[in-house]
Amino acid sequence: MFIRTRRLRKNFLLREMVKNINLDISSFIYPVFVTDGQNIKSEIPSMPGQFRYSLDRLNEELNELLELNIRAILLFGIPEYKDEIGSQAYSKDGIVQRAIRQIKKNYGDKFLIITDVCMCEYTSHGHCGILHNHDVDNDKTLEYLAKIAISHAEAGADVIAPSDMMDGRILKIRTELDKNNFKDISIMAYSVKYSSAYYGPFREAADSCPSFGDRKSYQMDFRNDKNFYREVEADIEEGADFIMVKPAMAYLDVIKKVSEIIDLPVVVYNVSGEYSMVKAAAQNAWIDEEKIVMENMYALRRAGADIIISYHAKDIAKWLKK
């Protein structure tokens, strides 16, 4: 007798009964780009359907998110002014700090506000820290990252998400948050962040392309399948509350391994390049966008993702409602 596995796929109700991977919009985080200026809702050319918003138009986006029951957002800021030390990143009146205060004032606790802590959007050179002889000075940069984190916490951020990949930054940020009576603010660590070509559209969106060189000395090498263990271990020991893997689709093996070795929530970032490739193919009618996106999301959940950051989140919310 041969095995008839098709019996459990016979019809819709059977398939629904035996499935063991689910998607829920509460597990998604939606990235939001805020920019200095007025009356700005500017579509990002390489990311169809994604926009930069000035604060006077941000409510348009937030109201739509509420209607879709998307309650977690990841804020990225594009400042009007940049300098060598990224001073607008930690300014009390920086674009992200003002956005946080405005959201809290207008919406209270309706949104979980997660803030990206890095310097690349704010430095004139586009690197993720303070330079010394054309190299990022790791330990000096930690002081600035802590200042950024504290400024976000003071403005009302709920979760701090350091994306810079400096050694020791989780410990430094955790220490400074605790010292300043922000013990309850959690840290979502970009623990496993690879130096990836998939970030291309984001760098246009955030105006964060480095003016020289690359970020391979601090972001991880995708040719090594072992070094993520030390990154994850270090961030957990230093006080991280969430562990993130970025990018997502090309790193399902890493997501799976991370999910098997930790008991903290695993976050994955379905990044800009992954989003834009799907959008471009869909616009050319080469693929069915909904089916491809949903298959990708289930793949991430199957690999072990608890939480998904995705530019597709609004579309996914609509499809799930159907």
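In the predicted model, Ile160 has Ile187 of strand β9 as its bridge partner. This contact belongs to the parallel pairing of strand β8 (residues 159-162) with β9, which extends over 2 bridges. Between these two strands the chain passes through helix α5, and the resulting β-α-β crossover is right-handed. Strand β9, spanning residues 186-193, is mostly covered, with 8 of its 8 residues classed as buried. Strand β9 also runs parallel to strand β10 (residues 242-246), to which 4 bridges join it. Within this second pairing, Val192 stands opposite Val245 of β10. Strand β9 thus pairs with β8 and with β10.

Empty space enclosed by the protein was examined next. Rolling a probe the size of a water molecule over the atoms reveals where space is left unfilled. The search of the whole structure returned 1 cavity of 30 Å³ or more, and the volume of the largest cavity is about 110 Å³. A total of 14 residues line the largest cavity, and those closest to its centre are Cys120, Lys193, Phe202, Arg215 and Lys246. Lys193 falls within the range of strand β9 (residues 186-193), and Lys246 within that of strand β10 (residues 242-246). Classified by residue type, the lining of this cavity comprises 5 nonpolar, 3 polar and 6 charged residues.

Open pockets were also identified. The largest pocket has a volume of about 430 Å³. Its lining consists of 15 residues, and Glu16, Leu23, Met294, Tyr298 and Leu320 are those nearest the centre. Three helices, α1 (12-18), α10 (289-303) and α11, each contribute at least two residues to this lining. Helix α10 makes the greatest contribution, supplying 6 residues. The composition of the lining is 7 nonpolar, 1 polar and 7 charged residues.

The second largest pocket holds about 190 Å³ of space. Its lining is formed by Asp135, Val136, Asn138, Met165, Met166, Asp167, Ser217, Tyr218, Met220, Asn227 and Glu231. By class, these residues divide into 5 nonpolar, 3 polar and 3 charged.

Electrostatic pairing was then considered. Side chains that carry opposite charge can pair when their charged atoms come close. The structure contains 20 salt bridges. One of them joins Arg169 to Asp235, with the closest N and O atoms 3.5 Å apart. This pair links distant parts of the chain, Arg169 lying in helix α5 (residues 169-179) and Asp235 in helix α7 (residues 228-238), at a separation of 66 residues. Both Arg169 and Asp235 are buried. Helix α5, which contains Arg169, is also the helix of the crossover between β8 and β9.

A further salt bridge is formed by Lys279 and Asp315, for which the closest N and O atoms are 3.3 Å apart. This pair likewise links distant parts of the chain, with Lys279 in helix α9 (residues 272-283) and Asp315 in helix α11 (residues 313-321), 36 residues apart. Lys279 and Asp315 are each buried. Helix α11, in which Asp315 is located, is among the helices that supply at least two residues to the lining of the largest pocket.

The salt bridge between Arg101 and Asp93 has its closest N and O atoms 3.6 Å apart. Arg101 counts as partly exposed because its relative accessibility is 31%. Asp93 is likewise assigned to the partly exposed class because its relative accessibility is 48%. In addition, salt bridges link Glu61, Glu64, Lys314 and Lys318 in a network.

Finally, Cys209 is located in the loop between α6 (200-205) and α7. With a relative accessibility of 53%, Cys209 counts as exposed, because the exposed class begins over 50%. The C-alpha atoms of Cys209 and Gly126 are separated by 5.5 Å, although the two residues are 83 residues apart along the chain. Helix α7, which follows this loop, contains Asp235, the partner of Arg169 in helix α5.

How values were computed
Residues numbered from 1 in each chain as written. Predicted model: local features only at pLDDT ≥ 70, side-chain atom pairs only at ≥ 80, totals over all residues. Heavy atoms only, no water. 1 Å grid on protein atoms, 1.4 Å probe; cavity = no way out; pocket = protein on both sides within 12 Å on 5 of 7 lines; lining within 4 Å. Points joined across faces, edges and corners; volume = space filled by probe spheres on them. Nonpolar A, V, L, I, M, F, W, Y, C, P; charged D, E, K, R; others polar. Salt bridge = Lys/Arg side-chain N within 4 Å of Asp/Glu carboxyl O. Buried < 20%, exposed > 50% of the residue type's maximum accessible area, 1.4 Å probe, protein only. Pairing = 2+ DSSP bridges. Right-handed = clockwise from strand over helix to strand, strands pointing away.
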